[in-house]
Amino acid sequence: MAAAEKTISNGEPAASDALPDTVVCPGCEQSIAKDAPHCPYCCGEDGRLGAAKRGAFIGGVFGLLGGALLAAIWSSIVGPAQATWGPVLSIVVAGALTGMIVGAVRSRAG
Ligand SMILES: [Zn+2]
């Protein structure tokens, strides 16, 4: 008769999401390498890109607010009859774009 083979299952702990060399990013709650200088999910593989993106986002938000404020002031000056959606949107979008560019350039330089 055939020799009974014994299958030995070595009790290896299943490596789940709780790895010892990772920490959870406070920004996105993804587990990242403990020695990573920045989170690859928040900042990208290149931290510089993330900084530029973040700067562009913040700049865009401020630009949007500035553009909206400018559009509100402009519409109050020219009157509601002149302040149609076209120019108002143009001012807001131009403000947002300017803010994004300024934010990206500033974060890249800094
Ligand atoms: Zn993150």
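A nonpolar core is a set of buried Ala, Val, Leu, Ile, Met, Phe, Trp, Tyr and Cys residues joined through C-beta atoms within 7 Å. The exercises below concern a predicted model.

**Exercise 1. Determine which residues form the largest nonpolar core, and which elements supply them.**

Solution. Step one is to list the members: Ala52, Ala56, Ala71, Ile91, Val92, Ala96, Met100 and Ala104, eight residues in all. Step two is to assign them to elements: helix H2 (47–78) and helix H3 (85–109) are the elements that give two or more residues to this core. H3 contributes the most, with five residues. Step three is to examine one member, alanine 104. Beyond residues up to four places away in sequence, alanine 104 touches Ala52, Gly55, Ala56 and Gly59. Of these partners, Ala52 and Ala56 are themselves listed in the core.

**Exercise 2. Place the elements of the chain in order and state how much of the chain is buried.**

Solution. The chain has three helices and two strands. Read from the N terminus, the order is β-β-α-α-α. Buried residues account for 16% of the 110 residues. As for contacts between residues at least 6 apart in sequence, 52% join residues at least 24 apart.

**Exercise 3. Decide whether cysteine 39 is buried or exposed, and describe its surroundings.**

Solution. First, locate the residue: cysteine 39 lies in the loop between strand E2 (31–33) and helix H1 (40–43). Next, apply the cut-off: a residue is buried if 20 or more other C-beta atoms lie within 10 Å of its own. Cysteine 39 has 20 such neighbours, and therefore counts as buried. Finally, leaving aside neighbours within four places in sequence, its contacts are Cys25, Gly27, Cys28, Gln30 and Ile32. The C-alpha atoms of cysteine 39 and glycine 50, eleven residues apart in sequence, are 9.4 Å apart.

**Exercise 4. Classify glutamate 29 by burial and comment on its phi angle.**

Solution. Glutamate 29 is found in the loop between strand E1 (22–24) and E2. The residue is exposed because 8 other C-beta atoms lie within 10 Å, and the limit for exposure is 12 or fewer. Its phi is near 60°, a positive value in a residue other than glycine.

**Exercise 5. Classify leucine 65 by burial and give its C-alpha separation from glycine 95.**

Solution. Leucine 65 belongs to helix H2. Its 14 C-beta neighbours inside 10 Å make it partly exposed. Although leucine 65 and glycine 95 are 30 residues apart along the chain, their C-alpha atoms are separated by 7.9 Å.

Technical notes. Residues are numbered from 1 along each chain as its sequence is written. This is a predicted model: local features need pLDDT of at least 70, side-chain atom pairs count only at pLDDT 80 or more; totals for chains, interfaces and linings use all residues. Helices (H or I, at least four residues) and strands (E, at least two) are DSSP runs, numbered from the N terminus. Two residues are in contact if their C-beta atoms, placed from the backbone, lie within 7 Å.
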